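Here's a quick briefing on a two-chain model, with the charged pairs and the interface up front. Have a look at the structure first, then work through the bullets.

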Amino acid sequence: MRAVRLSVVTAVAGATALVAVTGCTEKSDAKDGDAIQVTAADSTCDTSAKSVPAGQVTLRIENKGSKATEVEILFPDDRIVSEKENIGPGTKYTLTAEVKAGAYEVACRPGMKGHGVRQKLTVTGGGRTAERDPRLDKAVADYRAYAQEQADATLPAVKTFVKAVKDGDLAAAKKAYAPSRIGWERTEPVAESFGDIDPKVDTRADGLEEGQKWTGWHRLEKALWQDKKIGATEKTLADQLVTDLTDWQKRVGKAEITPTSMANGAKELLDEVATGKVTGEEERYSHTDLVDFKANVEGAQKSYELLKPVAGKNDPALTAELDKQFAALDKLLDKYRPSTDSYDFTSYDKVGKDDRKELSDAVNALAEPLSKLASAVVK
Amino acid sequence: MTDTPRDRDTDDTDDTGIPAEAEAPAHGGAPSRRALLGWGGAGLALGAAVAGGAVAMAGGGDDIDPAGADTGDAVAFHGTHQAGIATPVQDRLHFAAFDVKTTDRAAFVQLLKDWTAAARRMTAGKAVGDGAYGGLAEAPPDDTGEALGLKPSRLTLTLGFGPSLFEKFDLGDRRPEALVDLPKFPGDNLEKSRTGGDLCVQACADDPQVAVHAIRNLARIGFGKVAVRWSQLGFGKTSSTTPGAQTPRNLFGFKDGTRNIAGTETDRLKKYVWAGESDGTKWMEGGSYLVARRIRMNIEVWDRTALQEQEDVFGRDKGEGAPVGKAKEHDAPFLKAMKPDAHVRLAHPDANGGITILRRGYSFTDGTDGLGRLDAGLFFLAYQRDPRKGFIPLQRKLSASDALNEYIQHVGSAVFAIPPGVRDADDWWGRALFSEEA
């Protein structure tokens with residue numbers, strides 16, 4: 001929704017950006033230059049070596065299973081160093097990557113989904129890598145999995161929306177619009193970290209740069225609610241939305257996520273609420289702002305819950321306050337929906353000035369202590 | 001206030017409210033030598049003392065410091081009374097009223113302690129907490145930073161409790177009788193978004209950035225426990241609490257409130273401003289009551305009003321500020337010479353059984369109002385020992401018959417109990433209210 005990408009979460013260009021470490025003297029069970037054999041099957045993932053010198057690492061992969069698989073080298077926080085998708089049954093592939101010293105995992109994902117089967121891989125070499133609390137690595141890995149789940153779940157919802165647009169069914173398209181955005185809104189800081197996707201899918205008219213073509217959700221929102229018509233352009237834009245969001249879905253695994261970026265990402269979600277939703281600017285045609293609002297809060301809460309084991313130990317007063325404020329904001333939001341099972345929220349144009357002020361105060365009450373979460377995590 | 005350099009033995013008009021004493025260095029406009037020596041020392045030029053208000057008193061009322069307004073010095077935060085009432089009026093204001101959002105008394109008390117600690121630092125010209133830089137890169141700094149490198153600028157922070165606060169924390173039996181809800185006055189056109197509040201903080205400073213910084217940081221510390229309900233920026237003080245200073249002009253171009261109480265007038269402060277033992281609320285001893293009114297001025301209409309009419313409305317001349325028929329601003333007014341509905345005639349203590357309030361108002365302009373008119377006026381701040389004997393009877397009278405009403409409208413309103421000063425490093429704002437038994 002913003003043209004400018006957020007600063008805290010930054011995407012890495014890819015594994016090639018990693019610097020090779022040379023001059024290794026430590027003993028490894030795979031010698032410099034030797035490839036690691038990876039034998040993937042439907043429920044196993046065997047590797048011929050558990051440690052390897054830093055530098056160029058080669059995986060010789062063979063899929064002996066019955067399903068297509070995907071093999072990845074992963075950082076401790078589940079960020080992808082390098083990967084190969086769609087290795088068919090019975091086929092082989094050689095994957096190479098420049099890898100610095102540190103602890104990694106090799107993952108085989110039979111059927112190309114889920115957590116996969118994992119093997120530890122230690123990359124040895126000069127220069128110690130900074131040790132991080134394993135609980136924080138787990139928090140980051142779990143958050144990455146969450147972001148991936150949200151992206152995976154978003155595409156079918158978007159396709160439902162897009163189908164209605166292409167069918168020219170105005171009512172169905174309006175109904176499917178807000179639900180199609182929930183996964184995106186929950187993980188917006190990750191999504192926005194890929195600077196090129198956000199401007200294509202979530203820009204508002206006033207966020208356009210000169211010469212930029214307006215595409216994405218809000219362009220369609222205007223067509224549906226303000227212009228009240230679906231033309232050929234809208235249908236083309238609907239297809240484009242699927243293409244762009246598929247790109248996002250594929251890249252979530254490579255987003256650079258750190259414990260502090262998770263914490264600050266949670267706060268940024270609240271900032272999104274404070275600047276765009278509380279004012280009613282985000283969904284100015286559909287007035288579905290409260291759906292986005294709820295999704296932003298849920299995404300922030302997810303980050304927070306994952307970091308809480310560490311943050312709560314370092315600063316119990318802060319987590320107590322955050323628990324209280326999350327609960328208070330949730331409770332306040334529940335006033336605006338008939339049932340907590342539903343994402344049908346009151347149309348924001350029906351929310352009066354005093355109620356908007358109350359929502360704004362509750363957002364500030366949560367966002368301010370949330371801004372201290374990052375320091376509680378790294379204390 | 002224990003030691004007042006300015007001797008008051010020549011003042012025999014105090015209790016009757018006869019003017020000419022309050023702002024003038026001495027009767028008749030010629031300062032006595034004694035007054036001069038007492039305030040500025042022998043070396044201080046008369047002209048500076050009279051025109052510039054170069055003498056100033058620091059502190060919450062206890063400490064006298066001849067530091068001038070323009071030195072950027074700090075005003076003592078600790079004292080019997082809160083600073084920002086009798087303190088010489090600074091040039092700028094940022095006033096904020098807050099709603100309390102928590103029902104947790106302990107959390108609210110902690111906020112008062114946190115605010116006190118922050119106020120103690122900011123009024124001394126220091127940054128909040130660990131400062132604005134140098135901390136953890138991933139976290140926002142404790143202080144917002146826009147006052148870095150600026151002098152303390154005589155910042156004062158004055159806290160008040162609104163009537164609604166006492167209901168929120170079940171403190172009904174501790175609500176002072178003097179803290180009454182203001183009645184509806186004829187002509188009031190109060191906007192809800194500029195009225196009321198459970199709490200207020202008045203920030204006065206000679207540098208607007210310092211005042212804004214203070215309120216901004218307190219609001220930030222308060223998120224989740226309090227929320228800003230409304231706020232007001234002010235410039236161009238419209239009254240003075242410094243003896244010898246000329247009364248500043250309001251946006252109508254007139255001097256008003258020349259009979260204001262000076263910060264040095266211990267006796268009048270005690271009589272009209274500070275709540276005392278006999279007032280029945282122990283925790284308020286040394287405190288005061290504040291009435292805040294946002295008074296919109298119909299600037300454009302006023303500006304096309306004939307000079308004679310303007311002068312008749314106020315009962316003063318525009319050039320000197322002298323009352324009708326008199327030569328000098330501080331000359332005692334002859335009320336009967338004024339029109340019956342002249343502002344000064346109606347508002348003067350003599351016409352109101354001696355009613356006297358301490359005014360600290362500021363002019364404001366908040367851009368335009370969407371109709372191309374200046375959204376401007378007077379943010380009126382009046383401190384008194386009891387609003388039932390101060391602002392309320394005065395405003396009842398003014399709202400009924402003041403000729404000025406044609407050119408002004410009251411659009412915002414609030415009343416607050418201002419607790420006594422924070423005594424020392426262990427004390428905090430409101431301790432007596434929240435700690436002691438009733």
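**Buried charges and the A/B interface**

At 10% relative accessibility, D256(B) counts as buried, because the cut-off for that label is under 20%. Keep in mind that this is a predicted model. D256(B) has a partner: its side chain meets that of R359(B) in a salt bridge, 3.5 Å from N to O. Below, that pair gets its context, followed by the rest of chain B and then the contact with chain A.

**Salt bridges inside chain B**

- R359(B) is buried as well, with a relative accessible area of 12%.
- The R359(B)–D256(B) pair links distant parts of the chain, 103 residues apart. R359(B) sits in strand β6 (residues 358-359) of chain B, while D256(B) is in the loop between β4 (226-237) and α6 (266-272) of chain B.
- R294(B) and D375(B) make another salt bridge through their side chains, at 3.3 Å from N to O.
- Which parts does that second pair tie together? R294(B) lies in strand β5 (residues 288-297) of chain B and D375(B) in strand β8 (residues 374-384) of chain B, so the bridge joins parts that are 81 residues apart in sequence.
- Buried or exposed, for R294(B) and D375(B)? Both R294(B) and D375(B) are buried.
- Over all chains, the count comes to 61 salt bridges.

**Chain B as a whole**

- Chain B has eleven helices and nine strands.
- Of its 438 residues, 57% count as buried.
- Take the contacts in chain B between residues at least 6 apart in sequence: 76% of them join residues at least 24 apart.
- The accessible surface of chain B is about 17,100 Å², and carbon and sulfur atoms account for 51% of that.

**Where chain A meets chain B**

- On the chain A side, 15 residues are in contact with 13 residues of chain B.
- The area buried between the two chains is about 1,100 Å², with 51% coming from carbon and sulfur atoms.
- K357(A), D361(A) and E368(A) lose the most area to chain B within chain A, and together they make up 32% of what that side buries.
- Three salt bridges are counted between chain A and chain B. One of the residues just named takes part in a salt bridge with chain B: D361(A) pairs with K101(B), the closest N and O atoms being 3.3 Å apart.
- Polar contacts between chain A and chain B come to five residue pairs, both residues at pLDDT 80 or more.
- Which elements give two or more residues to the side of chain A that touches chain B? They are α8 (259-277), α10 (316-334), α11 (353-370) and α12 (373-378) of chain A.
- The largest share of that side is from α11(A), with seven residues.
- Sorted by class, the side of chain A that touches chain B holds three nonpolar, six polar and six charged residues.

**A chain A pair to check**

- E368(A), listed above for the area it loses to chain B, also forms a salt bridge within its own chain: its side chain meets that of K372(A) at 3.6 Å, N to O.
- The two partners fall in separate accessibility classes. E368(A) counts as buried at 13% relative accessibility, whereas K372(A) is partly exposed at 38%.

Conventions: Residues numbered from 1 in each chain as written. Chains lettered and ligands numbered in written order. Predicted model: local features only at pLDDT ≥ 70, side-chain atom pairs only at ≥ 80, totals over all residues. Heavy atoms only, no water. Contact = heavy atoms within 4.5 Å. Buried area = accessible area lost by both parts, 1.4 Å probe. Salt bridge = Lys/Arg side-chain N within 4 Å of Asp/Glu carboxyl O. Polar contact = N/O pair within 3.5 Å; in protein donor to acceptor, adjacent residues only side chain to side chain. Helix = DSSP H or I, 4+ residues; strand = E, 2+ residues; numbered from the N terminus. Nonpolar A, V, L, I, M, F, W, Y, C, P; charged D, E, K, R; others polar. Buried < 20%, exposed > 50% of the residue type's maximum accessible area, 1.4 Å probe, protein only. Areas by Shrake-Rupley, 256 points an atom, 1.4 Å probe, with all protein chains shown as cover.
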